[in-house]
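Please open the model in your viewer and keep the ligand and its surroundings ready for selection. The stops below move from the elements around the ligand to individual contacts and then outward to an annotated span.

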Amino acid sequence: MQNNAKIIAENKEMFYKMLLYRIESWVSAEKDVLANLCNIAALLYDNIDDINWAGFYLMKNGELVLGPFGGKAACTRIKIGKGVCGTTARDRITYVVPNVHEFEGHIACDSASNSEIVVPIIKDDVLYGVLDIDSPNFNRFDEVDKLYLEKLIEKLNKYIDWNEVAKIN
Ligand code: SME
């Protein structure tokens with residue numbers, strides 16, 4: 001049985017440390033990559049304050065394809081270089097977008113989204129996808145979110161064989 005208790009912390013750093021701890025306990029105990037990503041998306045969606053979407057896009061045959069997520073149904077395919085997700089995949093750096101309406105080419109899957117953070121998933125120099133989190137608030141994400149969500153991907157890289165869910169070639 002997974003621990004589904006809401007993560008309550010006194011500050012954002014503590015929140016992310018508890019989140020990462022819980023994720024590591026899950027992914028170290030379960031080998032199935034898809035099952036792990038589904039639970040991580042659900043955990044993020046359920047626990048990060050003021051968000052309306054959290055999930056993965058995975059690289060498949062040269063484009064990003066929708067993976068496990070929490071939130072409203074979203075666009076299934078994003079070309080590299082398009083939208084915040086495709087731009088993150090192209091540039092291989094985290095994008096923190098305070099106002100998505102000012103981001104050239106932003107793809108509005110949910111019209112409620114006003115800010116967004118997208119972290120690339122890179123292991124051994126290979127890009128496997130991105131982690132995307134959207135918020136209805138402007139300016140929702142900062143350097144602390146960036147730092148810990150990048151740490152989250154580093155942590156996943158220790159346990160997850162992304163080739164099981166992405167198709168690089
Ligand atoms: N807004 C993203 C598209 C994905 S959805 O937000 C779930 C983008 O511009 O790439």
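Select β1 (53–60), α3 (83–91) and β6 (126–135) in this predicted model, since each of these elements supplies at least two residues of the shell around the ligand. Among the elements, α3 gives the most to that shell, with 3 residues.

Next, show every residue that surrounds the ligand, which brings up 13 residues, the closest being Val84, Cys85, Ile107, Glu116 and Asp134. If you colour this shell by residue class, it divides into 8 nonpolar, 2 polar and 3 charged residues.

Now turn to the polar atoms: which side chain has an N or O atom 2.6 Å from an oxygen atom of the ligand? Select Asp134, whose side chain provides that atom. At Cys85, display the backbone as well, as a polar backbone atom of this residue is 2.8 Å from an oxygen atom of the ligand. Then add His106, where a polar side-chain atom lies 3.3 Å from a nitrogen atom of the ligand. With these contacts in view, switch on a surface: the protein covers 99% of the 310 Å² of accessible area that the ligand has on its own. If you display cavities, you will find the ligand in the largest cavity.

Finally, select residues 56–145, the span at which an unreviewed UniProt entry places the feature "domain: GAF". The end C-alpha atoms of this span lie 16 Å apart, and its residues are 13% helix and 43% strand.

How values were computed:
Residues are numbered from 1 along each chain as its sequence is written. This is a predicted model: local features need pLDDT of at least 70, side-chain atom pairs count only at pLDDT 80 or more; totals for chains, interfaces and linings use all residues. Side-chain values use heavy atoms; hydrogens and water are left out. UniProt positions are given in the numbering used here, feature names are shortened, and annotations may be inferred rather than shown by experiment. Helices (H or I, at least four residues) and strands (E, at least two) are DSSP runs, numbered from the N terminus. A residue is near a molecule or strand if one of its heavy atoms lies within 4 Å of it. A polar contact is a pair of N or O atoms within 3.5 Å; within protein, one must be able to donate a hydrogen and the other to accept it, and residues adjacent in sequence count only if both atoms are side-chain atoms. Accessible areas come from the Shrake-Rupley method with a 1.4 Å probe; for residues, only the protein chains shown count as cover. On a 1 Å grid over the protein atoms alone, a cavity is a set of points where a 1.4 Å probe fits but cannot get out, and a pocket is an open set with protein on both sides within 12 Å along at least five of seven lines; lining residues have an atom within 4 Å of a point. A molecule sits in a cavity or pocket if more than half of its atoms lie within 2 Å of its grid points. Ala, Val, Leu, Ile, Met, Phe, Trp, Tyr, Cys and Pro count as nonpolar, Asp, Glu, Lys and Arg as charged, and the others, Gly among them, as polar.
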